[in-house]
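Dear colleague,

Please find below the structure that I am handing over to you, together with its sequence. My notes on what was found in it follow directly after.

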Amino acid sequence: MRSSITKFIVGGSVLGLILLAVPSEAQPPGNKGFGKGKNDPAMTADMGGFHYLLEHRKDIKRTVKEIEGGVETTTESTVAEVTGKIQEHVAAMHKRVKSGSGIHLRDPLFAEIFKHYDKIEMVIEKTEKGVRVKETSKDEYVAKLIRAHAEVVSKFIENGHEEARKNHPVPVAPKK
């Protein structure tokens with residue numbers, strides 16, 4: 001089966017398999033880190049997709065390769081339903097980046113990377129079994145954020161809900 005390539009540049013955008021965030025000050029009170037709450041009708045579906053992937057993480061294979069300015073990740077499954085959910089989730093997260101409606105808002109790493117979304121270029125290639133994503137930036141600090149995000153997404157797949165409940169550190173920014 002041929003794979004299709006779609007190039008997304010949202011003033012840059014961001015995502016590996018999974019999740020982005022807006023700054024915590026944009027988070028509605030009591031929202032626990034997910035989306036824009038009641039004003040975000042897609043939130044339930046997006047959260048459901050994320051939780052489905054965490055629950056089926058043993059069916060997911062993910063590789064991360066560092067490349068100049070960022071990473072190339074491949075996230076796939078041999079289970080057709082999981083493959084579909086991976087592809088749906090990446091598309092949903094891309095849409096959230098474009099609209100500024102992040103997910104996983106309470107995690108400092110996701111909040112920081114979203115602050116710099118306009119410096120990120122993302123290329124998504126839909127594969128037969130999932131997706132291949134290239135995320136890069138010409139900004140050295142943003143490239144560090146991209147790599148840290150990719151590492152955390154891999155930890156989500158490795159550790160499931162336990163990892164998703166954690167906050168993740170932000171790489172040290174270069175002194176100006």
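In which helix does Ala111 lie? Ala111 belongs to helix 3; helices here are DSSP runs of H or I with at least four residues, strands are runs of E with at least two, and both are numbered from the N terminus. Before I continue, please note that this is a predicted model, in which local features need pLDDT of at least 70 and side-chain atom pairs count only at pLDDT 80 or more, while totals for chains, interfaces and linings use all residues. Residues are numbered from 1 along each chain as its sequence is written, and side-chain values use heavy atoms, with hydrogens and water left out.

Overall arrangement

The protein chain contains five helices and five strands. Along the sequence, their order is β-α-β-β-α-α-β-β-α-α. The chain has 176 residues, of which 49% count as buried. Buried means under 20% relative accessible area, exposed means over 50%, and partly exposed lies in between, with a 1.4 Å probe and protein chains only. If one takes the contacts between residues at least 6 apart in sequence, 77% of them join residues at least 24 apart; a contact means heavy atoms within 4.5 Å.

The paired strands

Strand 2 (61–67) is joined to strand 3 by seven bridges, and the two run antiparallel. Two strands count as paired if DSSP finds at least two bridges between them. Ile67 stands opposite Gly70 of strand 3. The hairpin of strand 2 and strand 3 has two residues between the strands, and Gly69 there takes a positive phi near 80°.

Strand 3 (residues 70–76) is also joined to strand 5, again in the antiparallel sense, by seven bridges. Strand 5 (residues 130–136) pairs in turn with strand 4 (residues 121–126), antiparallel over six bridges. Three residues form the hairpin connection from strand 4 to strand 5. Within this pairing, Glu121 has Thr136 as its bridge partner in strand 5, and Met122 has Glu135.

Val71 is a useful residue to look at in strand 3. Is Val71 buried or exposed? Val71 counts as buried because its relative accessible area is 1%. Val71 stands opposite Glu135 in strand 5. Although Val71 and Glu135 are 64 residues apart along the chain, their C-alpha atoms are separated by 5.5 Å. Not counting residues up to four places away in sequence, Val71 touches Val64, Lys65, Glu66, Val133, Lys134, Glu135, Ile146, Arg147 and Ala150. As a general point for reading such a sheet, the side chains in a regular strand alternate between its two faces.

Helix 3 against helix 4

How do helix 3 and helix 4 cross? The axes of helix 3 (residues 108–115) and helix 4 (residues 140–159) come within 10 Å and cross at roughly 140°. Axes are lines fitted to C-alpha atoms, for helices over the stretch in contact, and angles run from 0 to 180 degrees between N-to-C directions. Helix 3 is therefore oblique to helix 4. Angles under 35 degrees count as roughly parallel, over 145 as roughly antiparallel, 65 to 115 as roughly perpendicular, and the rest as oblique.

On the helix 3 side, the contact is made by Leu109, Phe110, Glu112 and Ile113. On the helix 4 side, the residues are Tyr141, Leu145, Ile146, Ala148, His149, Val152 and Phe156. By class, this contact has nine nonpolar, one polar and one charged residues. Ala, Val, Leu, Ile, Met, Phe, Trp, Tyr, Cys and Pro count as nonpolar, Asp, Glu, Lys and Arg as charged, and the others, Gly among them, as polar.

To return to Ala111, this residue is classed as buried because its relative accessible area is 9%. Ala111 and Val170 are 59 residues apart in sequence, and 9.2 Å apart in space from C-alpha to C-alpha.

Two further residues

Asp46 is found in helix 1 (residues 43–55). With a relative accessible area of 11%, Asp46 is buried. Leaving aside neighbours within four places in sequence, Asp46 is in contact with His89, Ala92, Met93, Arg96 and Ile103.

Lys58 lies in the loop between helix 1 and strand 2. Lys58 is exposed, since its relative accessible area is 75%. Lys58 and Gly160 are 102 residues apart along the chain, and 9.4 Å separates their C-alpha atoms.

With kind regards
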